[in-house]
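Q: Please take a close look at one part of this chain, and describe in a connected way how that part sits within the rest. Please explain the terms you use as you go.

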Amino acid sequence: MTVFSIILMLAGLALFLTGMHFMGTNLSKLSGSKMEYILGKLTANPFRAVLLGASVTAVIQSSSATTVMVVGFVNSGIMTLHQAVGIIMGANIGTTVTSWILSLAGIESSNIFIRMLKPDSFSPVLGLIGIFLYLFSGKEKKRNVGGILLGFAVLMTGMEAMSGAVAPLKEIPAFTNLFLMFSNPVTGMIMGALLTAVIQSSSASVGILQALCATGAVPYASAIPIIMGQNIGTCATALLSASRSSKNAKRAAFIHLYFNMIGTAIFMLVFYGLHGMRPFAFMAQSADSAGIAAMHSIFNITVTAVLLPLSGSLEKLACMTVRDTKKGYCKNLILKNRI
């Protein structure tokens, strides 16, 4: 892999992140105050809160952005800590939509309608429409729609650039051996968490993993623990955003962290426990984009289903971490549970 390939990969990552940010920004502008209303008011039922969190994250393509918004709403008093728990859980499910969109790049067919499902076929068309609306429309809403389409096209261009840059790695034995090191679940999890914490986006880190899997050099044994770690690494953004916020905002960030850490621990214990008793044959196979997307979804949906009934316990754990100096939210929560 030459220095030019490395530059191309970094440029692709920059485009990916820029497109994601541009798309999310214009979506927020288009929705205006409606997003605050949806997140702040329609969360009385925990299951509905999960659906809302998943839906919003699927639209803006970033669980980090959703969680940071939730932290901000809790900090400003628009939303209670109890309301925030379900949305945070749902955000983890919503972010898996990005990996499914990226997996469409692997579709192979001569049928024109099926080929149009591939992002590299339809994203240039969306980009052309988007730039026309963004530059030449006089109406703010149409400019926002154009920005959304343009952001998506830039995101997909970045993904293609990353995939092209890492393609030669499949011929390098050292690269294959490197990923075999991550077949150790703990090492792979730490690697996934660190990568995601650095680039501040689980969607982007999953995209990088999918690009690397296109080389055929990454087995599921290495990919799965990295996916698990990515969910922990994405918590760094919310923790940073809450560092100078109110105590309840800090608790919301810690709920996000504990949800992912506990969920990862449970999933790893069960998954690798079953694998130890009866080894899964697919673990030695080369991972592909669709497999990464499927595992990402299975992991997040399973963890949410297991921990949603325990949302109150996560709330208490966050209160134990960020304590009240006087009688406040956490002490009221404890008194309420005693009654």
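A: A residue is called buried when its relative accessible area is under 20%, exposed when it is over 50%, and partly exposed in between, with a 1.4 Å probe and only protein chains considered. Helices (H or I, at least four residues) and strands (E, at least two) are DSSP runs, numbered from the N terminus. The model is a predicted one, in which local features need pLDDT of at least 70 and side-chain atom pairs count only at pLDDT 80 or more, while totals for chains, interfaces and linings use all residues. Residues are numbered from 1 along each chain as its sequence is written, and side-chain values use heavy atoms, with hydrogens and water left out.

The part chosen here is helix 16, which covers residues 289-307. The chain around it has 339 residues, 49% of which count as buried, and its secondary structure consists of 18 helices and 0 strands. Helix 16 has 19 residues and reaches 27 Å between its first and last C-alpha atoms, close to the 27 Å expected at 1.5 Å a residue; the expected span is 1.5 Å times one less than the number of residues.

The buried residues of helix 16 are Ser-289, Gly-291, Ile-292, Ala-293, Met-295, His-296, Ser-297, Phe-299, Asn-300, Val-303, Thr-304 and Leu-307. Thr-304 counts as buried because its relative accessibility is 4%. Setting aside residues up to four places away in sequence, Thr-304 touches Val-50, Met-89, Ile-93 and Phe-259, where contact means heavy atoms within 4.5 Å.

Met-89, one of these partners, belongs to helix 5 and is buried there. Helix 5 (residues 81-94) is largely enclosed by the rest of the structure, because 12 of its 14 residues are buried. Its end C-alpha atoms are 20 Å apart, which agrees with the 20 Å that its 14 residues should span at 1.5 Å a residue.

Met-89 and Ile-292 also appear, together with Leu-209 and Ile-224, as the residues with the most contacts inside the largest nonpolar core, which has 57 residues. Such a core is a set of buried Ala, Val, Leu, Ile, Met, Phe, Trp, Tyr and Cys residues joined through side-chain atoms within 4.5 Å. Helix 15 supplies the largest share of this core, 10 residues. Ile-224 is in contact with Met-295, as well as with Phe-271, Tyr-272, Phe-282 and Met-283, when its neighbours within four places in sequence are left aside.

On the outside, Val-306 joins Ile-262, Ile-266, Leu-269, Val-270, Leu-274 and Met-277 in a nonpolar surface patch of about 650 Å². Patches are made of residues with over 30% relative accessible area and no salt bridge, with like charges joined within 9 Å and nonpolar side chains (Val, Leu, Ile, Met, Phe, Trp, Tyr) joined within 5 Å; a salt bridge is a side-chain nitrogen of Lys or Arg within 4 Å of a carboxyl oxygen of Asp or Glu. The largest share of the patch, 6 residues, comes from helix 15 (residues 247-277). Leu-269 lies in helix 15 and counts as exposed because its relative accessibility is 66%.

For the chain as a whole, residues 24 or more positions apart account for 78% of the contacts with a separation of 6 or more. The chain exposes about 16,000 Å², 70% of which is supplied by carbon and sulfur atoms, with accessible areas taken from the Shrake-Rupley method with a 1.4 Å probe and, for residues, only the protein chains shown counted as cover.
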